[in-house]
Amino acid sequence: MTTPGVDDAVQEKPGKEPVDERRLHPITPLRRAWAPVAVVIGWAVHDPDQAQRQLTRLTTTTLLIALAVVVPAAALYGFLTWWFTHFAVTDTELRIRTGLLFRRTAHIRLERIQAVDVTQPLLARVAGVAKLRLDVVGTDKKDELAFLGEREARTLRAELLARAAGFAPETAREVGEAPARELLRTPPRDLALSLVLTGATWVTLVAALVVPTLLWLATHSAWTVLATAVPLLGAAGASSVGRFVTEYDWTVGESPDGLRIDHGLLDRTHETVPPGRVQTVRIVEPLLWRRRGWVRVELDVAGSSNSVLVPVAPREVAEAVVARVLPGVTVPPLSELSRPPRRAGRCVPVWWRGYGLAVTDAVFASRQGLLRRSLALVPHAKVQSVRLTQGPWERLWRVADVHVDTGANKTVTARLRDAQEATELLGAQAERSRTGRKGARPDRWMV
C-alpha cells in the first residue's frame, strides 16, 4: 500500500521488493492548471455571440468574484492532478499512475519500448524542464511524462534504454547515456535555401495570395475571404517558416542505442531512431534541388512517429547516413534502375518514365516521379507481404504492379512492370523476404 504523506511514495507488494514511486517536477501544476481555463475559452470560441452577451452583462464586481473563484479553482486542479500522478521503474516495466477522480495505471513493459524522446517546448527550456515521450510497440498514442527536470529526464531516458537493452536493474542507472558521434549537421543557410527551392512553398504562397483576391472580386464578402485566406496562409507558413523552425540545427548522431536526432529553434526535440525498426527509407529529390545535388531522407518506422532522418544534405552525405540506418545496404545508382517497357506509356503517358526498379541482395528499391523523384528502399527482412495487381487496361498492354507491404502499415509499389517480370518478381521477392528475416538483426536496443 502507499505510505501517506510521503512525496516519493513506496509501494510494496507481498514477496516483491518495494518500488520507489516518484512525482513529476513541481512546475507541472502550472501546466495542468490551464485545463479549466481552456474549457472556458473553448466555450467562448464555440459560441462567440453568447459569450459576448454574457460578458456585457457582467459588472466589475461580478467579474472580480468570478476571477477570485476560477483562478484558485484552476490552481487547485493543477496541484491535485500533479499530487495524484506517480511513476516508477520496476525490473520489467514503467508504471504511470494518473487520475484525480478516475484512476488510470499504465504498465509499459520495458522490452516493448522502441524510442524514448526528450522534448523541450520554449517555456520548458526557460524553466529548465523537459517532457519524456515513449514510443511503444502496438500503441498509436505516445505515453509521456511531463514535466521532469532536464537532467532527471535525460537520466531516466538512459535508464529506460539500458533496462530495455537487458542491463540488470542495479547497473542500469550506472550505465548512463551512451556517447554519440556526430554524423551530420544541417547548416541553417542550406535549410532556408532548400525551402525557397521547394515547389510546395511557392504553390501554397501563391494560392494564399491569388485565391482570396479572386474571391473578393467575385463576392465582396470579407468573411468569405478571411475563411479562405487564413487556412491558406497557415499552410504557407507551415510549409516554409514552420519547417524552418522545426528543422533548425538538425543534427544526426550515432550511438549504441540508435541514431539520435536533435532539432528545433524554439521547441527543442531529442529523438532516437530505433535500431532494427526502420521499415522503409525514402530518398527524395525535388526538381530545383538537383543542380546542388541535395536530397531529403524520410523514414517509415514501426511503432514510431519519426518520419524525417535528413531534411537536406548532399547526396553522398545522405547516403552515408542511410548506410548507418540500413547496415550493408548500398543505394542503387539511377543507372541500375530498370524502367518499365515502352508500352507502359499507353497506361500512364509521359510519367511512366519516372518509374524504376532495382532489386539487390539487401533491398527492394522502387523509384517514382519525374519532377520530384523519390527512391524507396525496403530491406527484404522488413517485407510483410507481396501482392500483384493488374487492371483491365494493364492486362491489355501486358503490364502489372507489384506491391510490397511493410511492418509500418505502408506500401511500396513497383509500377507498370512487364507482366511476366512481375509474376517472377512476386515469387522471388516472397522467397527473399523469408530468407532475409532469418538473418535480420534483432529489434533490440544496443545489440
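Select helix α10, residues 222-247, in this predicted model. Its 26 residues should span 38 Å at 1.5 Å a residue, and the end C-alpha atoms lie 35 Å apart, which agrees. Next, centre the view on Ala-238, where α10 has a kink of about 45°.

Keep α10 displayed and colour Val-225, Ala-229, Ala-236, Ser-239, Ser-240 and Glu-247, the buried residues of the helix. An α-helix has 3.6 residues a turn, so residues three or four places apart point the same way. To see what covers the buried residues of α10, add α8 (188-196), α9 (199-219), β14 and β15, which are among the covering elements. After the helix, pick Asp-249, which has a positive phi near 55°.

Two of those covering elements, β14 and β15, lead to the next stop. Show the open sheet of six strands, which has the order β15-β14-β13-β18-β17-β16 and antiparallel pairing. The edges are occupied by β15 (308-314) and β16 (356-359); each has a single partner strand, so one side of each is left without a neighbour in the sheet. On average, and with direction ignored, neighbouring strands of this sheet are turned by 15° against each other.

Zoom in on the β15 edge. Strand β14, residues 294-301, pairs with β15 in the antiparallel sense over four bridges. Within this pair, select Glu-298 and look across to Val-308 in β15, which stands opposite.

Move to the other edge and add helix α13, residues 419-438. This helix lies across β16 and β17 (363-368), and runs at about 40° to β16.

Now select strand β20, residues 399-406. How many of its eight residues are buried? The strand is mostly covered, with eight of eight residues buried. Display the side chains: Val-399, Asp-401, His-403 and Asp-405 point one way, whereas Ala-400, Val-402, Val-404 and Thr-406 point the other way, and all are buried.

Add the partners of β20 in turn. Strands of a sheet pair through backbone hydrogen bonds, either parallel or antiparallel. Strand β19 (residues 383-389) runs antiparallel to β20 and is joined to it by six bridges. On that side, pick Ser-385, which stands opposite Asp-405 of β20. Strand β21 (residues 411-418) is likewise antiparallel to β20, with six bridges between them. Here Ala-400 has Arg-417 of β21 as its bridge partner. Follow the chain through the hairpin of β20 and β21: four residues lie between the strands, and Asn-409 takes a positive phi near 60°.

For a single-residue stop, select Thr-269 in strand β12, residues 268-273. Is Thr-269 buried or exposed? Its relative accessibility is 13%, so Thr-269 counts as buried, the cut-off being under 20%. Apart from neighbours within four places in sequence, its contacts are Val-118, Thr-119, Ile-261, Asp-262 and His-263.

Finally, zoom out to the whole chain, which has 13 helices and 21 strands. Of its 447 residues, 41% count as buried. Colour the surface by element: the chain exposes about 23900 Å², and carbon and sulfur atoms supply 60% of that area. Among the contacts in the chain with a separation of 6 or more, 53% come from residues 24 or more positions apart.

How values were computed:
Residues are numbered from 1 along each chain as its sequence is written. This is a predicted model: local features need pLDDT of at least 70, side-chain atom pairs count only at pLDDT 80 or more; totals for chains, interfaces and linings use all residues. Side-chain values use heavy atoms; hydrogens and water are left out. Buried means under 20% relative accessible area, exposed over 50%, partly exposed in between (1.4 Å probe, protein chains only). Helices (H or I, at least four residues) and strands (E, at least two) are DSSP runs, numbered from the N terminus. Two strands pair if DSSP finds at least two bridges between them. Axes are lines fitted to C-alpha atoms, for helices over the stretch in contact, and angles run from 0 to 180 degrees between N-to-C directions. Contact means heavy atoms within 4.5 Å. Accessible areas come from the Shrake-Rupley method with a 1.4 Å probe; for residues, only the protein chains shown count as cover. The expected span of a helix is 1.5 Å times one less than its number of residues. The bend at a residue is the angle between axes fitted to the seven residues ending there and the seven starting there.
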